Amino acid sequence: PEDMETKVCTFIVRCFSESAAFESAREKIQEMVPIISDICRLMQYSHLPDLVDACIDAASNFAQDYWLQTQLLQAGVLWSVLPHLFNYDYTLEEGGVEVSEATNQQAMGNRVAKQAIYS
């Protein structure tokens, strides 16, 4: 989706994700409690795989810090990630057919599921 709102949300989440590399930024993120629950809620938009991918990446980066990890668990991040794991289809890769993530919804779903596993 090329909606402006989706792009803005994706860029904001990616900004938070990358800022989690710095301890002072993690401390500020800890003070912004709604950010964690908002990121968990954004993971539920499975029809927006780029946004979900950014949210899962952010959750993974936040989980490097003990207190942010605790906030993620309290916000229900596991329940937000779990549906994406069940969306994985191993037969897509075993079939040997070339697919593009830009045109194939299942390929995008597989990418998000792999990202969820790594987080």
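How many helices and how many strands are there in the chain? The count comes to eight helices and zero strands, where a helix is a DSSP run of H or I with at least four residues, a strand is a run of E with at least two, and numbering starts from the N terminus. Read from the N terminus on, the elements simply go α-α-α-α-α-α-α-α. The model is a predicted one, so to speak of local features takes a pLDDT of at least 70, side-chain atom pairs count only at pLDDT 80 or more, and totals for chains, interfaces and linings use all residues. Residues are numbered from 1 along each chain as its sequence is written, and side-chain values use heavy atoms, with hydrogens and water left out.

Now for the chain as a whole. Of its 119 residues, 38% count as buried; buried means under 20% relative accessible area, exposed means over 50%, and partly exposed is what lies in between, with a 1.4 Å probe and protein chains only. About 7500 Å² of the chain is exposed, and carbon and sulfur atoms supply 57% of that area (accessible areas come from the Shrake-Rupley method with a 1.4 Å probe, and for residues only the protein chains shown count as cover). Contacts, meaning heavy atoms within 4.5 Å, often link distant parts of the sequence: among contacts with a separation of 6 or more, 62% join residues 24 or more positions apart.

Next comes the packing of helices. Two packed helices are described by the angle between their axes and the distance between the axes. Here the axes are lines fitted to C-alpha atoms, for helices over the stretch in contact, and angles run from 0 to 180 degrees between N-to-C directions.

Take helix α1 (residues 4-19) and helix α4 (residues 49-62): their axes come within 8 Å and cross at roughly 15°. The two are therefore roughly parallel to each other, given that angles under 35 degrees count as roughly parallel, over 145 as roughly antiparallel, 65 to 115 as roughly perpendicular and the rest as oblique. The crossing of α1 past α4 is left-handed, which is the name used if the near helix is turned anticlockwise from the far one by less than a right angle, with right-handed used if clockwise. On the α1 side, the contact is made by C9, T10, V13, R14, F16, S17 and E18. On the α4 side, the residues are D50, L51, D53, A54, C55, D57, A58, N61 and F62. Sorted by class, this contact of α1 with α4 has eight nonpolar, three polar and five charged residues. In this sorting Ala, Val, Leu, Ile, Met, Phe, Trp, Tyr, Cys and Pro count as nonpolar, Asp, Glu, Lys and Arg as charged, and the others, Gly among them, as polar.

T6 also lies in helix α1, and at 11% relative accessibility T6 counts as buried. Its C-alpha atom is separated by 7.0 Å from that of L51, although T6 and L51 are 45 residues apart along the chain.

Helix α4 has another partner in helix α3 (residues 33-42), with the axes 9 Å apart and an angle of about 140°. This angle makes α3 and α4 oblique to each other, and α3 passes α4 in a left-handed crossing. I35, I36, I39 and L42 of α3 meet L51, V52, C55, A58 and F62 of α4. What classes turn up in the contact of α3 with α4? The residues divide into nine nonpolar, no polar and no charged. V52, found in helix α4, counts as buried at 1% relative accessibility. From C-alpha to C-alpha, V52 and V81 are 9.2 Å apart in space, with their positions 29 residues apart in sequence.

Over to helix α2 (residues 23-31), where R26 is found. Is R26 buried or exposed? With a relative accessible area of 16%, R26 is buried. Not counting residues up to four places away in sequence, R26 touches A20, A21, D65 and L68. The axes of α2 and helix α5 (residues 66-75) come within 9 Å and cross at roughly 30°, which makes α2 roughly parallel to α5. R26, I29 and Q30 of α2 and W67, L68 and Q71 of α5 make the contact.

Finally, V77 is found in helix α6 (residues 77-86) and is buried, with a relative accessible area of 10%. Leaving aside neighbours within four places in sequence, V77 is in contact with C40, M43, A59 and L72.
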